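Open the structure in your viewer and keep the selection panel at hand. The stops below say what to select next and what is there.

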Amino acid sequence: MMSAEITNCGRVGWHSDRQGYRYTELDPLTGQSWPAMPICLQTLAVSAALKAGYQAFTPDVCLINRYSIDSKMGLHQDRDERDFTQPIVSVSLGLSANFVFAGSQRNGPRQHILLEHGDVLVWGGQLRKNYHGISKVLPGDDPLTGQHRINLTFRQAL
Ligand SMILES: O=C(O)CCC(=O)C(=O)O
Ligand SMILES: [Mn+2]
């Protein structure tokens, strides 16, 4: 199983290496700050959160996941952030994927959601720490992303 390739934009970035995973202010690969979050992306994320009923979403990180057709992301919780009243906003681009949304327990009942190009998924409140993952990227050739799916995950980390 391949995992997604990751990078970030925003005030901090989520990074995983042999020392574990954490939010950092510098990109460990370049030693530089992460690129700023483009205002248009921030606006998109904030307005999607608002539409879902979250009035004060202030994302400081956009994690960028790039999946190949053979990539998956195992069931996990997003729990490295400080304020769990802040939702998660996830934007899907390119190839479609099967998103699995489980409950607060890894082995709880699972919902399967097809995420297609342009879909925006928001979750928070009671569901903020629910397990979720990507079980499959559907093969295809997208005019913009080729044989890839790109996911933008907006969070407030700090
Ligand atoms: O690619 C997705 O839709 C989910 C990504 C995700 O859950 C994560 O990066 O924590
Ligand atoms: Mn996640």
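Start by selecting ligand 1 together with strand 4 (61–68), strand 10 (132–137) and strand 11 (148–155): each of these strands supplies at least two residues of the shell around ligand 1. The model is a predicted one. Now add the full set of surrounding residues, which are L63, N65, M73, D78, S90, F99, L115, H132, I134, N151 and T153. Coloured by class, this shell shows five nonpolar, five polar and one charged residues.

**The sheet of five strands**

Keep strand 4 and strand 11 selected and look at how they are joined. They run antiparallel, with eight bridges between them. Two facing positions can be labelled here: Y67 is opposite R149 of strand 11, and C62 is opposite F154, also in strand 11.

Next, add strand 1. Six bridges connect strand 1 to strand 4, and the two are antiparallel. Label G10, which has V61 of strand 4 standing opposite.

To complete the sheet, which strands should be selected, and in what order do they lie? The order is 1-4-11-6-9, an open sheet of five strands with antiparallel pairing. At its edges are strand 1 (5–10) and strand 9 (120–123), each of which pairs on one side only. Between neighbouring strands of this sheet the average turn is 20°, with direction ignored.

As background for this view, strands of a sheet pair through backbone hydrogen bonds, and the pairing is either parallel or antiparallel.

**The sheet of four strands**

Clear the selection and pick strand 10 again, this time with strand 7 (residues 97–101). Five bridges join strand 7 and strand 10, and the strands run antiparallel. Label F99 and I134: F99 stands opposite I134 in strand 10. Both residues also appear in the list of those that surround ligand 1.

Then add strand 5 and strand 8. The result is an open sheet of four strands in the order 5-10-7-8, paired in antiparallel fashion. Strand 5 (73–76) and strand 8 (111–115) are the edge strands, and each pairs on one side only. Neighbouring strands of this sheet are turned against each other by 25° on average, direction ignored.

**A loop residue**

Select N107, which lies in the loop between strand 7 and strand 8. Is N107 buried or exposed? N107 counts as exposed, because there are 9 C-beta neighbours inside 10 Å, and a residue is exposed if that count is 12 or fewer. Now select T7 as well and draw a distance between the two C-alpha atoms. N107 and T7 are 100 residues apart along the chain, and their C-alpha atoms are separated by 29 Å.

**The whole chain**

Finally, show the protein chain as a cartoon. It has one helix and 11 strands. Traced from the N terminus, the elements run β-β-β-α-β-β-β-β-β-β-β-β.

Zoom out to see the overall extent. The C-alpha atoms fill a box of roughly 35 × 35 × 35 Å along the principal axes. How does the radius of gyration of the protein chain agree with that of a compact globule, and what is its value? The protein chain has 15 Å, which agrees with the value near 15 Å for a compact globule of 158 residues.

Two further figures describe the chain as a whole. Of its 158 residues, 26% count as buried. Among contacts between residues at least 6 apart in sequence, 79% join residues at least 24 apart.

Notes
Residues are numbered from 1 along each chain as its sequence is written. Chains are lettered from A and ligands numbered from 1 in the order in which they are written. This is a predicted model: local features need pLDDT of at least 70, side-chain atom pairs count only at pLDDT 80 or more; totals for chains, interfaces and linings use all residues. The radius of gyration is taken over C-alpha atoms; the globule rule is 2.2 Å times the number of residues to the power 0.38. A residue is buried if 20 or more other C-beta atoms lie within 10 Å of its own, exposed if 12 or fewer, and partly exposed in between; C-beta atoms are placed from the backbone. Two residues are in contact if their C-beta atoms, placed from the backbone, lie within 7 Å. A residue is near a molecule or strand if its C-beta atom, placed from the backbone, lies within 6 Å of it. Ala, Val, Leu, Ile, Met, Phe, Trp, Tyr, Cys and Pro count as nonpolar, Asp, Glu, Lys and Arg as charged, and the others, Gly among them, as polar. Two strands pair if DSSP finds at least two bridges between them. Axes are lines fitted to C-alpha atoms, for helices over the stretch in contact, and angles run from 0 to 180 degrees between N-to-C directions.
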